[in-house]
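Reader: I am new to this structure and would like to know how its descriptive terms are earned. Could you take me through them one by one?

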Amino acid sequence: MLTAQEGSLSVWALGIALWALSLLGVSCQREVRPFQDFSVASARTQKLVESPFQNNAYGTAEGKRLFDQFNCSGCHAHGGGGMGPALMDDKWIYGSEPTNIFESIVEGRPNGMPAWRNKIPDQQVWELVAYVQSMSGNEPIDVLPSRSDHMRSSTPENARRAQTPVQTHTP
Amino acid sequence: MMFAIGGNQSALNPHGPIARSIVTHTWWLLAISIAVYVVVMAALLIALARRRRESDDLPATTSRLTRNVGVAVVLTVLTLIGIAASSVVAGRGLYSPSGAGAITVDVVGHQWWWDFQYHDVTPSDVFTSPNELHIPVGVPVVIKAMSTDVIHSFWVPNLMGKRDLIPGIVTNTWIQADEPGVYRGQCAEFCGHQHAHMALNVVAEPMDEFLTWIQHQREPAAEPSTDLERRGQQVFLQSPCVTCHAIRGTDAGSHVGPELTHVASRLTLAAGTLPNARGHLAGWIANSQSIKPGNRMPPNPLAPDDLQAVLAYVRSLR
């Protein structure tokens, strides 16, 4: 027979084990590498409204790589803003939803943002969307990139304070 | 081990001076190790089988045994020093060419493909040959190795030992083939998702054939000759292909992905992953992620007619 104290201890132990198991499930989803979610059929006719790389560490990290490679920093300066608007603050001129960001990249925006339609494939645009969201901390902290491949003076994405999005432009 | 001896990707089937010196060294080390093992085991068995005798405790026997142990230690140390010295001598030869290098080729490692750059004093004669290294037979070719992302390792087992490609550093090595043939190489340093599909072909050919190849590679891409090919070129230049690939003679000039100027003349696609055939190329363009998951080329959902046109055009780039 268990005493009452031992009984409550074993309930605790069971609870902790279940909690640890559930964490395992969460982290699995986060670390999935969805290489093949974009089949041949997913041309732009079938518009995605939800970012397939939302809450996904791989997609966000790939977005970070592409952000450098496509020279987004040329105007947005690693998110701090320059010729283009800052991306790490709380101001969103054209909306903070993944579809808004997707459209900003694909369709372009007035005052200098080029349209990348037919230049950047959809999969990579969605990866960029995930990274742009992460720049202002709007992704779970365990998804955010923790460091850069190269030396950089700005705070790593996962150490930034999450900004509450504010839309500054009404279409 | 025996079945691994033949073939065009085997260190035990040498076709060049470096690989031969490595394999000779390997066999010597193996033979010496076996001999030492046999002698030690024989001594052990004799000692186990031998019975204790009255005379064993006499001072004369003890001093004889001490001398025997001394001789055994000296022999062991001499063997070790000999092996170490021959390793150093053999190792030094691996990285300094046996003669004046005929040509110098840069090998640049990317995740997950190889780029071979052939230099020339005339800038327009510089070209790159992704995943396929052509070398003339019988002369040393100097290799300058570098990497754009992570550490890779250049290894053609039939011709040479491994050489690491380190970002930010240029490492040197050389390669030489004694007879014509196609030798397969492989990345030998784990470099990420598709490390296992990062292979290359070394095509060793007689000097005159090699020079013909160089001449051909220097030329810009063939102009499209049919309507379908012309349409394919248009699609290529207006779609995301042009963001990463270069085709000399057209507006495509990016070197993020492999150059495609003479892609149809190569033996394989996707760094030794697929035979260079029309069907494989179609699958690769449409959804390379189903063939080599994680590779840097995104899926390209082209309309069927556009895909056919691009295929016709790319297949015409001989």
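Author: What follows sets some values beside the definitions they rest on. This is a predicted model, in which local features need pLDDT of at least 70 and side-chain atom pairs count only at pLDDT 80 or more, while totals for chains, interfaces and linings use all residues. Residues are numbered from 1 along each chain as its sequence is written, and chains are lettered from A, with ligands numbered from 1, in the order in which they are written.

Reader: What makes H2(A) roughly perpendicular to H5(A)?

Author: Helix H2 (residues 57-69) and helix H5 (residues 122-135) of chain A pack at an angle of about 95 degrees, with their axes 7 Å apart. Angles under 35 degrees count as roughly parallel, over 145 as roughly antiparallel, 65 to 115 as roughly perpendicular and the rest as oblique, so the angle of about 95 degrees makes H2(A) roughly perpendicular to H5(A). The helices themselves are DSSP runs (H or I, at least four residues), and strands are runs of E with at least two.

Reader: Which residues of H2(A) and H5(A) meet?

Author: Contact requires C-beta atoms, placed from the backbone, within 7 Å. Among the residues that meet are Leu66(A) and Phe67(A) in H2(A), and Trp126(A) and Tyr131(A) in H5(A).

Reader: Why is Asn131(B) called buried, and Asn55(A) partly exposed?

Author: A residue is buried if 20 or more other C-beta atoms lie within 10 Å of its own, exposed if 12 or fewer, and partly exposed in between. Asn131(B) has 22 other C-beta atoms within 10 Å and is therefore buried, whereas Asn55(A) has 17 and is therefore partly exposed. Asn131(B) is in the loop between strand S3 (127-130) and strand S4 (132-136) of chain B, and Asn55(A) is in the loop between helix H1 (4-31) and H2 of chain A.

Reader: What is the sign of phi in Asn55(A) and in Asn131(B)?

Author: Phi is positive, near 60 degrees, in Asn55(A), and positive, about 65 degrees, in Asn131(B). Most residues other than glycine have a negative phi, and most peptide bonds are trans. A cis peptide bond joins Gln111(B) and Trp112(B), with omega about -5 degrees.

Reader: What makes a set of residues a nonpolar core?

Author: Such a core is a set of buried Ala, Val, Leu, Ile, Met, Phe, Trp, Tyr and Cys residues joined through C-beta atoms within 7 Å. The largest has 51 residues, and those with the most contacts inside it include Val107(B) and Leu159(B). Helix H7 (residues 304-315) of chain B gives this core its largest share, five residues.

Notes:
Axes are lines fitted to C-alpha atoms, for helices over the stretch in contact, and angles run from 0 to 180 degrees between N-to-C directions. Two residues are in contact if their C-beta atoms, placed from the backbone, lie within 7 Å.
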